[in-house]
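Reader: Could you take me through one part of this model up close, namely the charged side chains that hook up with one another? Please set the scene first, and add whatever helps to place that part among its surroundings.

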Amino acid sequence: EVKKMLHKLFGFSERYYTNDVIFNMEDTISHLPSFMNSFASIILELDDIDESYLDNLERIVGTFFRVYPRLFEYQRQQHYEVLSRLFVSLFSKGSSLQRLLSRIVFQALTLTCSTVPGTGELSIEN
């Protein structure tokens, strides 16, 4: 039953992270921490994490790194905390955290290093 709830939550949250261009940034910024917090809570209740769940979490965390440069300072703390909570919940599930990190670290570094400071826009230069 918990797995069904997680699957439905992934489906519901999908509109916030499926596109390369996030159309409604304010909605994404306001809902992303809630979804990530919910995922963390549900993951703590599961015995194991399927690869399909990691696929969805990879997209969610990727969205986190795409919107992060656009966050105000007061929003960043909430996003830090929820990402940390998600990582802690995955850490308790064997190699799940390691598998997720192996998928997202390069993406996060690329997004972070290619963003122009203060603008939140991606740099065109190499």
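Author: Happy to. The protein chain has five helices and zero strands, so reading from the N terminus the order of elements is simply α-α-α-α-α. Keep in mind that this is a predicted model. Of the 126 residues in the protein chain, buried ones make up 40%.

Now to the charges. The structure holds five salt bridges, and the part you asked about is a network of them that links E51, D55, E58, R99 and R103. Let's walk through it pair by pair.

Start with E51 and R99. Their salt bridge has its closest N and O atoms 3.2 Å apart. E51 belongs to helix α3, which covers residues 51–67, while R99 belongs to helix α5, residues 96–113; the two partners are 48 residues apart, so this pair links distant parts of the chain. How accessible is E51? It is partly exposed, because its relative accessible area of 39% falls between the 20% and 50% cut-offs. R99 is partly exposed too, with a relative accessible area of 28%.

Next comes R103, which takes part in two of the contacts I want to show you. With D55, R103 forms a salt bridge whose closest N and O atoms are 2.6 Å apart. R103 sits in helix α5 and D55 in helix α3, so this pair ties together parts that are 48 residues apart in sequence. D55 is partly exposed, with a relative accessible area of 31%.

The side chain of R103 also meets that of E58 in a salt bridge, at 3.3 Å from N to O. Again the link runs between distant parts of the chain, from R103 in helix α5 to E58 in helix α3, 45 residues apart. What about the burial of E58? With a relative accessibility of 19%, E58 counts as buried, because the cut-off for buried is under 20%. So if you trace the network through the model, you go from the partly exposed E51 and D55 to the buried E58 on helix α3, with R99 and R103 facing them from helix α5.

That's the charged part; now for some surroundings. One more charged side chain deserves a look: R76 lies over the face of Y68, at 4.6 Å from the ring centre.

Rings also pair with rings here, and a search of the whole structure finds seven aromatic pairs. One of them joins F64 and F65 edge-to-face, at 5.1 Å centre to centre and with 90° between the planes. F64 is buried, with a relative accessible area of 2%, whereas F65 is partly exposed at 21%. Another pair is F72 with Y74: the ring centres are 5.9 Å apart and the planes are at 5°, so this pair is stacked. F72 is exposed, with a relative accessible area of 52%, and Y74 counts as exposed as well, at 64% relative accessibility.

Ring pairs also link F10, F35, F39 and Y53 into a cluster. From that cluster, pick out F35, which is found in helix α2. At 8% relative accessibility, F35 counts as buried. F35 and S13 are 22 residues apart in sequence, yet their C-alpha atoms are 6.9 Å apart in space.

Helix α2 is a handy place to finish, with two packings to look at. Two packed helices are described by the angle between their axes and the distance between the axes. Helix α2 (residues 25–45) packs with helix α4 (residues 73–91) at an angle of about 20°, and their axes are 8 Å apart. The two are therefore roughly parallel to each other, and their crossing is left-handed. Helix α1 (residues 2–13) also packs with α2, this time at an angle of about 160° and with the axes 10 Å apart. That angle is over 145 degrees, and α1 and α2 are therefore roughly antiparallel to each other. The crossing of α1 and α2 is left-handed.

To come back to your request: E51, D55, E58, R99 and R103 are the residues to select if you want the salt-bridge network on screen.

Technical notes. Residues numbered from 1 in each chain as written. Predicted model: local features only at pLDDT ≥ 70, side-chain atom pairs only at ≥ 80, totals over all residues. Heavy atoms only, no water. Salt bridge = Lys/Arg side-chain N within 4 Å of Asp/Glu carboxyl O. Helix = DSSP H or I, 4+ residues; strand = E, 2+ residues; numbered from the N terminus. Buried < 20%, exposed > 50% of the residue type's maximum accessible area, 1.4 Å probe, protein only. Phe/Tyr/Trp six-rings, centres within 6.5 Å; stacked < 30°, edge-to-face > 60°. Lys NZ or Arg CZ within 6 Å of the ring centre and 35° of its normal. Axes fitted to C-alpha atoms, helices over the stretch in contact; angles between N-to-C directions. Parallel < 35°, antiparallel > 145°, perpendicular 65-115°, else oblique. Left-handed = near helix turned anticlockwise from the far one by under 90°.
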